[in-house]
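I opened this structure for a first look. These are my notes, in the order I made them.

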Amino acid sequence: MAMSLCDDTLLCNFPKCRIKLSGFAWVTACSHVFCDQHGSGEFSRSPAICPACSSALSGKLDIVRTELSPSEEYKAMVLAGLRPDVVLDISARALSFWSYQVHQERMYQEYSLSRADAQLKQMEKMLTQQNQSRELELTAMRGEIASLKKVMEEYKRKYSEVSERLMERNRQYQKLQALYDSLRLRNMVVGVGERGSPPQHGHQDFNIGVARPATPQRSPQFLSLGPEGDGQFFSCLEADGAKTFFQFSSPLRDRSRLFVNKH
């Protein structure tokens, strides 16, 4: 049920075939034409049914296999001897078949166009809905971006404040570090001066019975007494051989010695 509107070539009326016909074709009494492949396959069964309109083709001449490009000899002899009215009747029926094919092709093209329009409108509707959905999503995303920008500005402000505080703390730390280094250097200089001063031998505080603290060079030692080593005394031996702490005389000890000497 198809014919090209651009040229004079018939198309196969078998559904989903629609190839241009050439060579041999199968023509039915219901004004449909099929290619040789589909015509041979469909019309080999009995009873024959038209694949285009489902009409029963039981007559002897309801199906005819014809050559679309007949030879000159065939064209010279096919209508020879027929009266003019018969020739005109045959020609009129052939032209009617052709007109029907053209009409069917136009109807098919209109049907295809209507389907394409319906699909186009459906796609436009879907596209409009998708655009509206995308617009809503875009609006929501713009709102989120604006909110995130505000949050980012707040974080920037807090970061700036924290950075300023950190810089201030670093400056204070540097000042304290410089002061600490200065004090440590001063203590080191004072300690070096005290260690470099001449020692004062023989100066002891007899009123309280204690001696000066031992210097690192004069570190205290523990001396064991007796073979068992069960007693240890704290010794403050000076590096230059001075007397120990327990060898200094206290006032009470001197008084007891005087009392002993008198008696």
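**Entry 1: the nonpolar core**

I looked up the largest nonpolar core, which has 17 residues. The residues with the most contacts inside this core are C12, L21, V33, F34, F43, L57 and I63. I then asked which elements give two or more residues to this core. They are β3 and β4. The most comes from β4, with three residues. I noted a general point alongside: nonpolar side chains tend to be buried together in soluble globular proteins.

I should record that this is a predicted model.

**Entry 2: the chain as a whole**

Next I stepped back to the whole chain. How many helices and strands are there? I found four helices and nine strands in the protein chain. I wrote down their order from the N terminus: β-β-β-β-α-β-β-β-α-α-β-β-α. I also checked burial. Of the 263 residues in the protein chain, 13% are buried. Here I took buried to mean under 20% relative accessible area.

**Entry 3: the sheet**

I went back to β3 and β4, this time as strands. I found an open sheet of three strands. Its order is β4-β3-β7, and the pairing is antiparallel. Which strands are at the edges? They are β4, residues 33–35, and β7, residues 63–67. Each of these two pairs on one side only. From one strand to the next, the twist averages 30°.

I looked at the pairing of β3 with β4 in detail. Strand β3 covers residues 24–28. Three bridges join β3 to β4, and the two run antiparallel. I picked out one position here: A25 stands opposite C35 in β4.

**Entry 4: the largest pocket**

Last, I searched for empty space. The general idea is that a probe the size of a water molecule, rolled over the atoms, shows where such space is left. The largest pocket has a volume of about 1100 Å³. I counted its lining at 26 residues. Which of them lie nearest the centre of the pocket? They are V27, T66, I90, A94 and F97.

I then sorted the lining by element. Those that give two or more residues are β3, β7, α2 (72–77) and α3 (84–196). The largest share comes from α3, with nine residues. I sorted the lining by class too. It has 16 nonpolar, six polar and four charged residues.

One link I want to keep: β3 gives two or more residues to the nonpolar core, and β3 also gives two or more to the lining of the largest pocket.

Technical notes. Residues are numbered from 1 along each chain as its sequence is written. This is a predicted model: local features need pLDDT of at least 70, side-chain atom pairs count only at pLDDT 80 or more; totals for chains, interfaces and linings use all residues. Side-chain values use heavy atoms; hydrogens and water are left out. Two strands pair if DSSP finds at least two bridges between them. Axes are lines fitted to C-alpha atoms, for helices over the stretch in contact, and angles run from 0 to 180 degrees between N-to-C directions. On a 1 Å grid over the protein atoms alone, a cavity is a set of points where a 1.4 Å probe fits but cannot get out, and a pocket is an open set with protein on both sides within 12 Å along at least five of seven lines; lining residues have an atom within 4 Å of a point. Grid points are joined across faces, edges and corners, and a volume is the space filled by probe spheres set on the points. Ala, Val, Leu, Ile, Met, Phe, Trp, Tyr, Cys and Pro count as nonpolar, Asp, Glu, Lys and Arg as charged, and the others, Gly among them, as polar. A nonpolar core is a set of buried Ala, Val, Leu, Ile, Met, Phe, Trp, Tyr and Cys residues joined through side-chain atoms within 4.5 Å. Buried means under 20% relative accessible area, exposed over 50%, partly exposed in between (1.4 Å probe, protein chains only).
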